[in-house]
Structure formats: C-alpha cells, structure tokens
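Visitor: I would like a close look at a single part of this protein, namely its charged side chains and how they pair.

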Amino acid sequence: MDAFLAAGAAFMDPYLLGLVLIGTVGGVLVGAMPGLSSTMATALLLPFTLTMDPIPAIALLSALYCAGTYGGSITAILVNAPGAPPAAATAFDGYPLAQQGRAGLALGMAAVSSVIGGLFSVVVLIVAAPLLARVAYDFGPPEYFALSLFGLSMLATISGESAVKNLIGGAFGVLLATIGMDFTTGVDRFTFGFWELSEGIHFIPVMIGLFAGAEFLTQAGQLDRVQVRAALDAVRLPGMEHFRKCAGTIARSCGIGTFIGLLPAEGGTVAAMIGYNEAKRWARDKSQFGKGDIRGIAGPETANNAATGAAMVPTLALGIPGSATTAIILGALLVHGLRPGPHLFTETPTLLYAIFLAMLLANLVFGMFGLIGAKLFARVTLIPVRFLWPSVFVLACIGAYALEQSVLDVWIMVFAGLLGFVLKRYGFAAAPIIMGLILGELVENSLKQSLIIFDHEWLRFLERPIVVTFLALTLFSALWPLVSAWRARRAAAAAAE
C-alpha cells in the first residue's frame, strides 16, 4: 500500500503526468501512421530516456506502448493500411465499414473495445505479476537458463510466416550476443580488433536499425504509392444494439488477448488474429465478416490491447519479454540499472505501481482521444513520406549515437538497417533477432553459472523440477511448428486425393 501511495503521489507531479500524456498522444500518432509502429517508436525513443529517472522513463515508454497498439486501428479503418501490425485484422471489416460511410461507428467501436481490453489487461498485470514473481524466488541460474531457452523456443511463432526462419533469426541474435569479452575466460570474441566491441554489441542500435532503418529503405521504394482515403463521418459511441451484439466477442477476446500476451514472445498481432477468427467462429451469421461486421472490429481490437498488459507480466516478473515492444521496455529497465524479476518487486515497488498507473491512465486517455480526435489523428497520413522518413532516419542516427556517444554504434545501426531490409525481402522478421540478442546473454551466462554449480555434470539439470518443466515446454514449443506443418501437408494431400 505504501508503494501504491508513493506511485500515486509521483503522478501528482505535472512533469510525470505530462510525460504520460505526451507518450499517449505520441503513441496514437505513431500507431496511426502506416509504416511506423509502437515498437519502432519505442526503440527510437529509448536512447532519449537515458537522462531521465527510471520512473518517468519507463512510464513514458509504457504509455507509448499502450496507445500505439490502439493507434493502428485508425488508418486500418480509414485507408486500409494498418498503422501497426496488431491492427491488420481490424482492416478486414473496418475498411469495408468506412467505404459504406460508417467510419465514425467503426472508429468508435475500435476505441471502446481497445479501452476495455487495455483496462482488463492492466488488472491482470496488477494481479498476476506479483504472483509470478513469488514463484520466481525459487529460480537460480539453472532455472533461468531453462526459462530463457523456453523463451527462445517461442520465437517460432513471434512474427512472420515461417517458424524455421524465425528460429534462424533468433539463433543469429544469440550469435550476436556472443560478441565481446567472455566474462569467465576474459577472451575477446568476434571483436576484429575494435576495442569498442569488447563489451559486446548493445541491442539499442541493432534494434533501431532493424526496425526504423529497414522500414526507411522499404518506404524509399514506395514513394509513388497513392493511398485511397475513405470519407470520415462524425466519430460516435456505439449504441446499445452494437454493445449487445459485441458483448460476447469482447469478453472472449479479453481472455484470448490475456492468454496470448502471457506467453513469452507472443504479442498483440497473434492475439488480434485469433480474436478475429474466434469472433467469426462463434458468430451465428458469418456472411457479413469481411464486408463490414462490427464484431470484426471489436474482436481483434479488444484482443490486441488485452495482450499489452499481459505481455508485461513475464517481462517484469521473469525478465522474459512477452512481445517485441516489451523486449525494448525490458532493455530500458536494464539500461536504467534495474533487474527484472522478483527483486524488482521487493527493491523498487514504487516503480512497478507507477508502470501500472501509467498504463491505466494511457488506456483512459487514448480512449478519450480516439472518440474526440480520431479525425485529427487521421491527418498524419497526409504527411508526405518523402519528408517523414528522412526525419525518422535522422532520429535513428541520433538515437544510436546518444547511447555511448560512439560513431561505431551509428554504423552498427546502418548495417543493421541494411541487413533488416534484405532479410525482410526474404521473409525474415526483425523481432526474433532482437529477442535472440537480448536473451542470448542470459542463456550463455546462466548456462556457465549452472555448469560451475553442477561441476560440469549435465545430468544434474534433471534434478530440478522447474528446469525439467521448462525443458519439456521448450521441446514441445520447438516441435509444435513441425507437427503443424506435417498435419497441414497431410490434410492437403488428403484433399488432393
């Protein structure tokens, strides 16, 4: 209670309150701009929070995360161009509604269902994170090794269409994590004579390059693309008949989004797709889905926002990111000298309640902005890309340099951008590489510590129940995509016969 009151008192400070409001408005604007995303914006903003105290820095990033998840629905509905990946499913029925002259209703339902899902997720975060942290008190190096290995195995389904490519990307990220001096032997690895690499490659310039740099190059090849914009009527709250129609869908998607968000390496995109599919599955009349069914907006928008708070649960309680954006927030915690896990709940409880309050406030504020200012936010799509993306690239260079005031970090960012652009062309996603880079150090260090504890006897890993449980889950997670692919081929062969 004392920590909660201290966090509440901190929010009486106009500076902190203003940062949360700025993060919320910025998140909606970023989310509403096709090509940008809350993940990219968080990566760009992180270096600029280094001079802040931990509470304002993490509160700003958390507000940006929540609002950015919702913001993508605006352009998904108006121009059939999701501003963020989680809003892709919203476009299936949102854009047809806009073409029917009912864009105001669609935006209103998106705002309301997003707020409901977001508030539900914050409640889950407040309740579940401390409980999970208590379990984490039993974790030692062997348990953290098994847990981080399980997190890496979840990369198969984090993004993209190919589980194999995701795992390759994650393995490449782990390889990048080995650059630098080995803390047990003192041997430099893969530094190629650059003393700046002795401490390893920091994930921030890599992250900025893979997300912002690669997208800059992608957008540079689409300067002549013309967006078709739908007319926007007055944004309005859905009526009672709409709420009755969508009540079951919203309740179901709250549970779906929360469950998906709790899984390490999942996130809002997966939750939104499942939320949409389940809304259609449970509908008695499926004929209007894809043609402008309001449930096709309520389902994915509730689910992807319900995943935001839930994704913060493993991030804060275990140090395992629940999504690509929470991986950046995890990095922000580490940069500010904070240790995610049970120690975070005992050593800095005020910070945790500040995060809870920031996310709670962000959900309420973006709901209000969504109903009042959606028409204004939609005007960000009018910014010519030839002006927008060079500005993003300049911010990317500044953000990469700001971390260590090192020109080498800028070159790493540029190289990561080129690499990300090429990988994207061949179907590789950026998120698995980033999460492999972040988790790779934890995997290596916890493995070495465990082997020292066990005197290099590998079988002693099997003496610890938590380790065995996570290793079994890792095996299941790694094999499941192969099983799914085999079943799909078998079904296709049966259908061909």
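To begin with one residue, is D293 buried or exposed, and what is its relative accessible area?

Guide: This is a predicted model, in which local features need pLDDT of at least 70 and side-chain atom pairs count only at pLDDT 80 or more, while totals for chains, interfaces and linings use all residues. Residues are numbered from 1 along each chain as its sequence is written, and side-chain values use heavy atoms, with hydrogens and water left out. D293 is buried because its relative accessible area is 2%, where buried means under 20%, exposed over 50% and partly exposed in between, with a 1.4 Å probe and protein chains only. D293 pairs with R295 in a salt bridge whose closest N and O atoms are 2.8 Å apart; the term stands for a side-chain nitrogen of Lys or Arg within 4 Å of a carboxyl oxygen of Asp or Glu. R295 likewise counts as buried, its relative accessibility being 12%. The structure holds five salt bridges, and one of them joins E444 to R189, with 2.5 Å between the closest N and O atoms. This pair links distant parts of the chain, as E444 lies in helix α18 (residues 431–453) and R189 in strand β2 (residues 188–189), 255 residues apart; helices (H or I, at least four residues) and strands (E, at least two) are DSSP runs numbered from the N terminus. E444 also meets the side chain of K448 in a salt bridge of 3.0 Å, N to O, and these two residues both lie in helix α18, four residues apart, or about one turn of the helix. R189, E444 and K448 are thus linked in a network of salt bridges, with E444 and R189 both buried and K448 buried too.
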